[in-house]
Amino acid sequence: MTRPAPSPTGSLTRGTSRRTALGGTLAAGALLGLGAPAALGQAAAQVVVIGGGFAGATCARSLKRADPGLVVTLVEPAERYLACPFSNLVLAGLRELDEQAFGYAGIEAAGVTIARQPAVAVDPERRRVRLGDGTELDYLHLVVAPGVDLRFDAIPGYDEAAAERMPHAWKAGPQTELLRRQLEAMPDGGQVVMAVPANPFRCPPGPYERASLIAHYLKTHKPRAKLIILDAKDQFSKQRLFEQGWAEIYGGLIEWVPLSFGGQVTEVDPGTSTLVTEFGSHQADVANVIPPQRAGAIAALAGVADATGWCPIDPVTFESTLVPGIHVIGDAAIGGAMPKSAFSANAQAKACATAIAHLVREEAPPTPKLINTCYSLVAPDYGISIAGVYAPKDGLLAEVEGAGGVSPLEAAASVRQAEAAYAEAWFRTATDEVFG
Amino acid sequence: MSPQRRLALGCLMAAVVAMAGTGPARAEPPPGAASCSGCHGPAGSEGPVPSLLGRPAAETAAAMAAFRTGQREATVMDRIARGFTDDETRAIADWLADQGDQP
Ligand SMILES: Cc1cc2nc3c(=O)[nH]c(=O)nc-3n(C[C@H](O)[C@H](O)[C@H](O)COP(=O)(O)OP(=O)(O)OC[C@H]3O[C@@H](n4cnc5c(N)ncnc54)[C@H](O)[C@@H]3O)c2cc1C
């Protein structure tokens, strides 16, 4: 791999505030008798991270931990991050959206510079990122962690305007609140229809946790209502556990329609709230359409997304196999056997930071080992999980054999309760570690 | 502090660190160790999953071995512990033990 020497002037070009900062660096150098630009250049190994979600925020922080000498800039336009895990509880009225919000003060205090802008372009040749306000940041290593974009070109009739009638709620925020309001406004006896995409997509067990918690809400508040899941696949994550829990807790309230029984939604009409499948059409009182997804747009702009819309990576360094110097982590990456989860994003981010710290020192990065665990709530006090341990194999992240798996099918209520408590503990610990 | 001043100060600090030699701040986590903190919080953290930082290495390694064989009951640690060899587990346990004084 060839890498250009870090620019002696650092990453901070254009824009007046950037010049001020540059002046500061030079002044500091002079002050400390650091005359040689080479020494300064070495001091300022620049790493830019695009996206302040579970992946990017963790990575920025871990980079400073791995090597405090790195100059790390986190590019994220949002003032506060709204976490998706546990947002299904918000839909069910059991949690408020504000409890999903996290700020960036802790990350800034850890020595990371926050650029409150979107990244709009990447020039991999010159190793430069352009931000929405025209500022340009040079980098030695770039980490791309933009999460997913929802595809509004995949289901005929389902565009951004349609999402205002048939919310996806697959990014926590106004969409989550919209779907919650629709559920609250629905009369008893109404029909909720969910559309779920084929793999790969963000959070494989997420739609089924959502169905569970919506069912919990309906059972409690609208016992005559029904929930239909139209699924574009024939199998799903933790399926037997979910189905067992649904039968046990919700009776026949939830109906799951797999691909081979007409589950694939081929068209929607937001005007009449209709979802069309190959086998017929479904009229919904509340429709939750989770469309197919791809890596966040900046990934394609940077040239790191392939024809699938996702980003192939080296499993040791998370460096793009398409563009040198750019690393991709989190939902945007092709994580091999690792699912697109906040837990995976967090684990990948730490491994990526370790690798970058080694590469900056021109040392070979160590072979990582990663864990993922996704908890799901079948009911507020009924938790189940899927876990895996991963290591690079044949150019991909592969599951370590003999490890991992799902919660047992036979388990006492106390075990389900314990896992629900562990789920909440995970969310608190993980968000504290990243944003606290 | 204005963002500019903060930036400038950040650069100054970077320069100072560089003088002291760029390099790892503290012993690097061995493979797998960084994932444990997804569930096991820092020392003094509350909640049902205990912190592992500063715990004697032999204790952590013994617990992991018991989880791996199924001797010790678990909701999830059995599935995780089986993903690590004895050597890997020992390295993780040693590293966690050394992190006792870290925030
Ligand atoms: C309903 C639901 C439930 C879930 N439950 C769980 C769970 O229980 N456990 C679990 O592990 N996972 C869960 N997930 C999955 C989890 O939310 C994602 O896997 C995780 O958010 C991925 O992190 P990320 O950092 O890759 O992306 P994101 O969290 O989406 O973060 C990406 C960030 O990048 C920013 N960004 C995008 N483009 C740009 C740009 N051009 N410039 C600057 N910034 C940019 C965005 O503003 C955003 O802040 C759930 C998801 C959903 C939808």
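1. Two strands are said to pair here if DSSP finds at least two bridges between them. With that in hand, let's start at a hairpin-like topic in this predicted model: the bridge partners at the end of one strand. A:T277 has A:G280 of β17(A) as its bridge partner. Strand β16, covering residues 274–277 of chain A, pairs with β17(A) over four bridges, and the sense of that pairing is antiparallel.

2. Those two strands belong to an open sheet of three strands in chain A, ordered β15-β16-β17, with antiparallel pairing. Its edges are β15 (265–269) and β17 (280–283) of chain A, each of which pairs on one side only. On average, neighbouring strands of this sheet are turned by 20° against each other, with direction ignored.

3. Next, please have a look at the parallel sheet. Five strands of chain A make up this open sheet, and reading across gives β6-β3-β2-β10-β20. Which strands form its edges? They are β6 (113–115) and β20 (326–328) of chain A, and each has a pairing partner on one side only. Here the average turn between neighbouring strands is 20°, again ignoring direction.

4. Inside this parallel sheet, β2 (residues 46–50) and β10 (residues 141–144) of chain A run parallel and are joined by four bridges. A good pair to pick out on screen is A:I50, which stands opposite A:V144 in β10(A).

5. Which strands does α3(A) lie across? The answer is β2, β3 (71–75) and β10 of chain A, and the helix runs at about 170° to β3(A). The helix α10(A) also packs on the sheet, where it touches β2, β10 and β20 of chain A. The direction of α10(A) makes about 170° with that of β10(A).

6. Both of these helices turn up again at the ligand. At least two residues of the shell around the ligand come from each of α3 (54–66), α4 (87–91) and α10 (342–360) of chain A. Which helix gives the most to that shell? It is α10(A), with three residues.

7. The ligand is surrounded by 33 residues, and the closest are A:A55, A:E76, A:Y81, A:R202 and A:D331. By class, the shell divides into 20 nonpolar, eight polar and five charged residues.

8. For anyone who thinks in polar contacts, three are worth finding on screen. A ligand oxygen atom is 2.6 Å from an N or O atom in the side chain of A:R202. Two further entries involve the backbone: an oxygen atom of the ligand lies 2.9 Å from a polar backbone atom of A:A55, and there is also a 2.9 Å separation between a ligand oxygen atom and a polar backbone atom of A:A342. How much of the ligand does the protein bury? Taken alone, the ligand exposes 1000 Å², and the protein buries 90% of that.

9. Three loop residues deserve a line or two each. A:R165 sits in the loop between β11 (148–150) and α6 (174–185) of chain A. Setting aside neighbours within four places in sequence, A:R165 is in contact with A:Q182, A:P270 and A:G271. A:D153 is twelve residues from A:R165 along the chain, and their C-alpha atoms are separated by 17 Å.

10. When you check the backbone, stop at A:P200, which is found in the loop between β12 (191–196) and α7 (206–221) of chain A. Is the peptide bond joining A:N199 and A:P200 cis or trans? The bond is cis, with omega at about -5°.

11. Finally, A:R127 lies in the loop between β7 (119–123) and β8 (128–131) of chain A. What is the phi of A:R127? Its phi is near 55°, a positive value in a residue other than glycine.

Conventions. Residues are numbered from 1 along each chain as its sequence is written. Chains are lettered from A and ligands numbered from 1 in the order in which they are written. This is a predicted model: local features need pLDDT of at least 70, side-chain atom pairs count only at pLDDT 80 or more; totals for chains, interfaces and linings use all residues. Side-chain values use heavy atoms; hydrogens and water are left out. A residue is near a molecule or strand if one of its heavy atoms lies within 4 Å of it. A polar contact is a pair of N or O atoms within 3.5 Å; within protein, one must be able to donate a hydrogen and the other to accept it, and residues adjacent in sequence count only if both atoms are side-chain atoms. Accessible areas come from the Shrake-Rupley method with a 1.4 Å probe; for residues, only the protein chains shown count as cover. Ala, Val, Leu, Ile, Met, Phe, Trp, Tyr, Cys and Pro count as nonpolar, Asp, Glu, Lys and Arg as charged, and the others, Gly among them, as polar. Axes are lines fitted to C-alpha atoms, for helices over the stretch in contact, and angles run from 0 to 180 degrees between N-to-C directions. Contact means heavy atoms within 4.5 Å.
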